[in-house]
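Biologist: I'm new to this one, and I'd rather understand one part well than skim everything. Please take a close look at a single part, and then show me what lies beyond it.

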Amino acid sequence: MRVVGYVRELFAPQDADPAFVQGEEIRAWVRKSGHNLVSVCQDVRQEGHGLAREGYQALLGIIAGKGADGVVVPGLTALSPDLMTQEIIIWDLRRRGVTVMSINEADHALLMTPTKERLLMRDVLARLEEYHEWAYPAVPEEEAEDDEDGGDEVVVELIPASDA
């Protein structure tokens with residue numbers, strides 16, 4: 001399986017290993033498991049700057065380009081320290097067609113056999129997706145192309161306040 005690793009340094013240095021260490025742990029896990037590591041994306045702390053998500057955005061780009069079948073993290077806290085945000089990210093990655101894996105045995109077990117809280121969150125997210133499917137049906141491609149051609153153009157004339 002082609003996998004992309006994702007590492008993230010948390011806000012407090014004592015909360016997790018540095019990105020380099022997390023990346024090396026992922027590389028070792030991938031060698032042992034027989035997967036093919038495509039890339040390791042990382043979000044790191046920089047002095048004077050907040051922790052951004054450019055690495056995660058890069059990971060999503062690799063997935064969108066069909067460059068990976070799975071995502072490997074050192075632990076679920078790399079996705080987020082917040083349980084709800086973890087589940088949203090896991091749900092989104094799975095929707096994009098990739099398998100989410102953790103090299104942390106306890107977190108891997110949670111991915112395979114979630115707790116009641118995680119099951120509830122997953123159920124809510126699945127129902128939200130169902131709701132969006134029937135509440136906001138996808139526009140057929142032909143209609144979308146017609147809209148781009150200006151089929152239903154609306155002309156708006158801006159008049160300066162002095163002329164009104």
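Modeller: One bit of vocabulary before anything else: two strands are said to pair if DSSP finds at least two bridges between them. Keep in mind, too, that what you're looking at is a predicted model.

Let's get our bearings. The protein chain has 6 helices and 4 strands, and starting from the N terminus they come in the order β-α-β-α-β-α-β-α-α-α. Of its 164 residues, 32% count as buried. The part I'd zoom in on is strand β1, residues 2–8.

Which strands does β1 pair with? One is β2, residues 36–43, which runs parallel to β1 and is joined to it by 7 bridges. If you want a spot to click on, find V7: its bridge partner in β2 is Q42. The other is β3, residues 70–73, where 3 bridges hold a pairing that is again parallel. With at least two bridges needed for a pair, those 3 are enough for β1 and β3 to count. Here the place to look is V3, which stands opposite G70.

Now follow β3 for a moment. This strand has a further parallel partner, β4 (residues 99–102), with 4 bridges between them. V71 of β3 faces V100 of β4 there.

How well covered are these strands? In β1, 6 of the 7 residues are buried. For β3 we can go face by face. In a regular strand, side chains alternate between the two faces of the sheet. In β3, G70 and V72 are on one side, V71 and V73 are on the other, and all of them are buried. So both faces of β3 are covered, since buried here means under 20% relative accessible area.

Back to β1, and to one residue I'd pick out: Y6. The structure has 3 aromatic pairs, and one of them is made by Y6 and Y56. Their rings meet edge-to-face, with 5.5 Å from centre to centre and 75° between the planes. Y6 belongs to β1 and Y56 to helix α2 (residues 54–64), so this contact ties together parts that are 50 residues apart in sequence. Both tyrosines are buried. The ring of Y56 has another neighbour as well: the charged end of R53 sits over it, 5.8 Å from the ring centre.

For contrast, look at another aromatic pair, Y131 with W134, which is likewise edge-to-face, at 5.1 Å and 85°. Both residues lie in helix α5, 3 residues apart, or about one turn of the helix. Y131 is partly exposed at 35% relative accessibility, while W134 counts as exposed at 64%. Add Y136 and you have one aromatic cluster. Those three residues also join L128 in a nonpolar patch on the surface, with about 490 Å² of accessible area together.

What about charges? Side chains of opposite charge can pair when their charged atoms come close. The count of salt bridges here comes to 8. One of them links E87 and R118, with N and O 2.5 Å apart. That pair connects distant parts of the chain, with E87 in helix α3 (residues 83–95) and R118 in helix α5, 31 residues away. Both ends are tucked in: E87 is buried at 0% relative accessible area, and R118 counts as buried at 5%.

Others stay within one helix. In α1 (residues 19–33), R27 and E24 are 3 residues apart, about one helical turn, and their closest N and O atoms are 3.5 Å apart. Each of the two is partly exposed at 32%. In α5, D123 and R127 meet at 3.0 Å, 4 residues apart, again about one turn. D123 is partly exposed at 33%, whereas R127 is exposed at 53%. There's also a network in which D92, R95, R96 and E129 are joined through shared partners. R95 turns up in another contact too: its charged end sits over the ring of W91, 4.9 Å from the centre.

So if you keep one picture, make it β1: mostly buried, paired with β2 and with β3, and reaching helix α2 through Y6 and Y56.

How values were computed. Residues are numbered from 1 along each chain as its sequence is written. This is a predicted model: local features need pLDDT of at least 70, side-chain atom pairs count only at pLDDT 80 or more; totals for chains, interfaces and linings use all residues. Side-chain values use heavy atoms; hydrogens and water are left out. Patches are made of residues with over 30% relative accessible area and no salt bridge: like charges are joined within 9 Å, nonpolar side chains (Val, Leu, Ile, Met, Phe, Trp, Tyr) within 5 Å. Accessible areas come from the Shrake-Rupley method with a 1.4 Å probe; for residues, only the protein chains shown count as cover. A salt bridge is a side-chain nitrogen of Lys or Arg within 4 Å of a carboxyl oxygen of Asp or Glu. Buried means under 20% relative accessible area, exposed over 50%, partly exposed in between (1.4 Å probe, protein chains only). Rings of Phe, Tyr and Trp (its six-membered ring) pair if their centres lie within 6.5 Å; planes under 30 degrees apart count as stacked, over 60 as edge-to-face and the rest as tilted. A charge sits over a ring if NZ of Lys or CZ of Arg is within 6 Å of the ring centre and within 35 degrees of the ring normal.
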